[in-house]
Amino acid sequence: MLRYQSVFAFVLIILPLFLAYTNAIRSVPETPIKNHDSEIKVYGIDEVNYIESPEYRNGDHCSGRVMIHVAMTLDFDYLRGSVAAVHSILKHTSCPANLYFHFIASESKSPKPEDLTRIIGTIFPSLGFTVYSFDDRLVKNLISNSIREALEDPLNYARTYLGDILDPSVTRVIYLDSDIIVVDDIQKLWRVSLSGSTAIGAPVYCHANFTKYFTDKFWYDPGLSGVFEGKNPCYFNTGVMVMDLMRWRRENYRSQIEKWMEIQKAKQIYELGSLPPFLLVFGGDVTAIDHRWNQHGLGGNNRVHSCRLLHPGPVSLLHWSGKGKPWVRLDAGDPCPVDELWAPYDLYRHSRQQLR
C-alpha cells in the first residue's frame with residue numbers, strides 16, 4: 001500500500017506542473033472532426049472519432065532547408081497511440097513545418113493505407129506525410145512464435161525495410177514506436193551524430209542482463225554466439241532509433257536481419273519477436289544516445305499488467321513498451337499513474353468528453 005501511495009503522491013506533484021506546461025503551449029480545440037459531413041469512420045470495423053489537432057507553425061528562427069524525417073507504423077489497434085505521438089512531437093518542437101512523417105501501414109489490414117491517409121490528413125491538416133503500403137508477405141514466413149501474440153504482427157518488422165520503403169533521397173530517419181510521447185524538441189534527437197561505422201543510434205542499457213534475450217541453445221553454440229566475439233553488446237530498445245539509411249542500404253542490413261530470422265525459425269534461439277535480430281546485428285555497434293530519449297517499460301511486463309514509475313533523471317520521451325497501453329488502461333478506468341502523462345496528447349474524441 002505504501003508503494004502505491006508514493007506512486008500517486010509522485011503524480012499529484014508532477015502532473016499539475018506537466019499539464020500546466022503543455023497547456024501553456026497550445027490548447028486542443030473541442031470540436032469534432034468532420035469529413036464530407038460525417039465523422040471519420042473506419043469501414044467495416046468501428047467508428048473512430050478524433051478532434052482536429054491545432055495548427056503548429058514554425059518559429060522565426062526556423063530554416064526551411066532543414067527537413068526532419070520521422071517514421072512510424074500505423075494500424076487500427078495502435079492508431080490512437082500514433083495520433084497522440086504525432087501530436088506530442090508537433091506540440092514540443094519549435095519548427096513543426098520542418099517535420100515530415102513516413103507512416104507504414106499493412107496493405108492486408110483494414111483500414112487500408114488510403115483510408116489511413118484520409119484519417120491522418122483530417123486530424124492533422126497541416127502535416128507533411130506519406131502513408132506507405134507494407135506487404136506482409138515480405139516477412140510473414142520469417143516470423144516465429146513469440147511470448148506475446150502482438151509481437152508476431154508483421155508490421156512490427158517494418159522498421160527492417162525502411163531502407164527499401166523510403167525514397168533513396170531520405171538518408172536519415174528517426175524511427176518511433178506508436179506507444180510513445182515526446183516532451184522535448186525532436187530536433188535535439190535529429191542532431192545526434194552517429195559515430196564511426198554505426199548505422200543506428202539509441203539509448204543503450206549495459207547494466208541489463210544481455211544473456212536473457214537468447215536461449216541456452218544460442219549461447220552454447222559457438223557458431224551462433226560467436227557473433228558477439230570481440231564486442232561489448234548492450235541491450236537497446238528498437239522503439240526509438242536514429243537510423244543512417246545510406247549506410248543501412250550500403251551494408252544491406254535488411255538481409256543480415258532476415259538471415260537471423262531464418263536461423264530463429266530453424267533453431268528457436270530467442271523469444272522476443274523483432275528485437276533480438278536487431279541485437280544480433282547491431283549489439284556492440286550502436287551510438288549511445290542519452291537515456292532521456294527512451295524512458296521505456298512504462299507499459300509494464302510483457303506477460304502481465306504492471307505499473308512502473310519513471311526512471312530517475314530528465315525525460316524527453318516516454319515509452320509505454322510492454323503489455324499495457326495507456327489508452328487501454330485509461331478507458332478501462334484502471335490507469336497507471338504515468339498514463340496520466342499520456343492523456344493530454346490524446347485526440348480521441350470520446351476520451352476528451354470523458355476528461356471534461
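Student: Where in the fold is serine 321 found?

Tutor: Keep in mind that this is a predicted model. Look past the end of strand S13 (317-319) and stop before helix H11 (326-331) begins. Serine 321 is in the loop between S13 and H11.

Student: Is serine 321 buried or exposed?

Tutor: The cut-off for buried is under 20% relative accessible area. Serine 321 has 13%, so the label is buried.

Student: Which backbone atom does the side chain of serine 321 reach?

Tutor: Start with the company it keeps: leaving aside neighbours within four places in sequence, serine 321 is in contact with Asp179, Asn237 and a run from His296 to Gly300, namely His296, Gly297, Leu298, Gly299 and Gly300. One of these, Gly297, is the partner here, at 2.7 Å. The atom reached is the backbone nitrogen of glycine 297.

Student: Let's go to the nonpolar interior. Which helix gives the most to the largest nonpolar core?

Tutor: That core has 48 residues, and those with the most contacts inside it are Leu162, Phe214, Phe236, Met243, Trp248 and Phe282. With six residues, the helix that gives the most to this core is H10 (residues 275-282).

Student: And how many residues are in the other core, the one that lies apart from it?

Tutor: Look for Val70, Leu74, Ile123 and Phe129, which are among its members. This other core lies apart from the largest one, and its size is 41 residues.

Student: Which residues does phenylalanine 214 touch, not counting those up to four places away in sequence?

Tutor: Phe214 is one of the residues with the most contacts inside the largest core. Not counting residues up to four places away in sequence, phenylalanine 214 touches Trp219, Phe228, Ile269, Tyr270, Pro276, Leu279 and Leu280.

Student: Now helix H9. What does H9 pack against?

Tutor: H9 covers residues 253-267 and reaches 21 Å from its first C-alpha to its last, close to the 21 Å expected. Its buried residues are Tyr253, Ile257, Glu258, Trp260, Met261, Ile263 and Gln264. Those buried residues pack against helix H6 (216-219), helix H7 (222-225), helix H8 (245-251) and H10.

Student: Which residue takes a positive phi just after H9?

Tutor: H9 runs over residues 253-267, and the residue in question comes just after it. Its phi is about 50°, and the residue is glutamine 268.

Student: Why does aspartate 244 count as partly exposed?

Tutor: Aspartate 244 lies in strand S11 (residues 240-244). The buried class stops under 20% and the exposed class starts over 50%, with partly exposed in between. Aspartate 244 counts as partly exposed because its relative accessibility is 21%.

Student: What backbone atom lies 3.1 Å from a polar atom of the aspartate 244 side chain?

Tutor: First, the wider surroundings: not counting residues up to four places away in sequence, aspartate 244 touches Thr171, Leu194 and Ala199. For the 3.1 Å pair, the partner is the backbone nitrogen of methionine 246.

Student: On to the cysteines. What pattern do the disulfides follow?

Tutor: The count comes to three disulfides. Cysteine 62 is joined to cysteine 95, cysteine 206 to cysteine 234, and cysteine 307 to cysteine 336. Counting bonded cysteines along the chain, the pattern is 1-2, 3-4, 5-6.

Student: How many residues apart in sequence are the parts tied together by cysteine 62 and cysteine 95?

Tutor: The sulfurs of this pair are 1.9 Å apart, and the link is left-handed, with -90° about the S-S bond. Cysteine 62 sits in the loop between strand S2 (46-47) and strand S3 (68-74), while cysteine 95 sits in the loop between helix H2 (79-92) and strand S4 (99-106). The disulfide therefore ties together parts whose separation in sequence is 33 residues.

Student: Is the link of cysteine 206 and cysteine 234 left-handed or right-handed?

Tutor: The sulfur atoms of cysteine 206 and cysteine 234 are 1.9 Å apart. The value about their S-S bond is 95°, and the link is right-handed.

Student: What about cysteine 307 and cysteine 336: left-handed or right-handed?

Tutor: The S to S distance of this pair is 2.0 Å. Cysteine 307 is partly exposed at 28% relative accessibility, whereas cysteine 336 is buried at 1%. The torsion about their S-S bond is about -85°, so the disulfide is left-handed.

Note on methods: Residues are numbered from 1 along each chain as its sequence is written. This is a predicted model: local features need pLDDT of at least 70, side-chain atom pairs count only at pLDDT 80 or more; totals for chains, interfaces and linings use all residues. Side-chain values use heavy atoms; hydrogens and water are left out. Helices (H or I, at least four residues) and strands (E, at least two) are DSSP runs, numbered from the N terminus. Buried means under 20% relative accessible area, exposed over 50%, partly exposed in between (1.4 Å probe, protein chains only). A polar contact is a pair of N or O atoms within 3.5 Å; within protein, one must be able to donate a hydrogen and the other to accept it, and residues adjacent in sequence count only if both atoms are side-chain atoms. Contact means heavy atoms within 4.5 Å. A nonpolar core is a set of buried Ala, Val, Leu, Ile, Met, Phe, Trp, Tyr and Cys residues joined through side-chain atoms within 4.5 Å. The expected span of a helix is 1.5 Å times one less than its number of residues. A disulfide is a pair of cysteine sulfur atoms within 2.5 Å.
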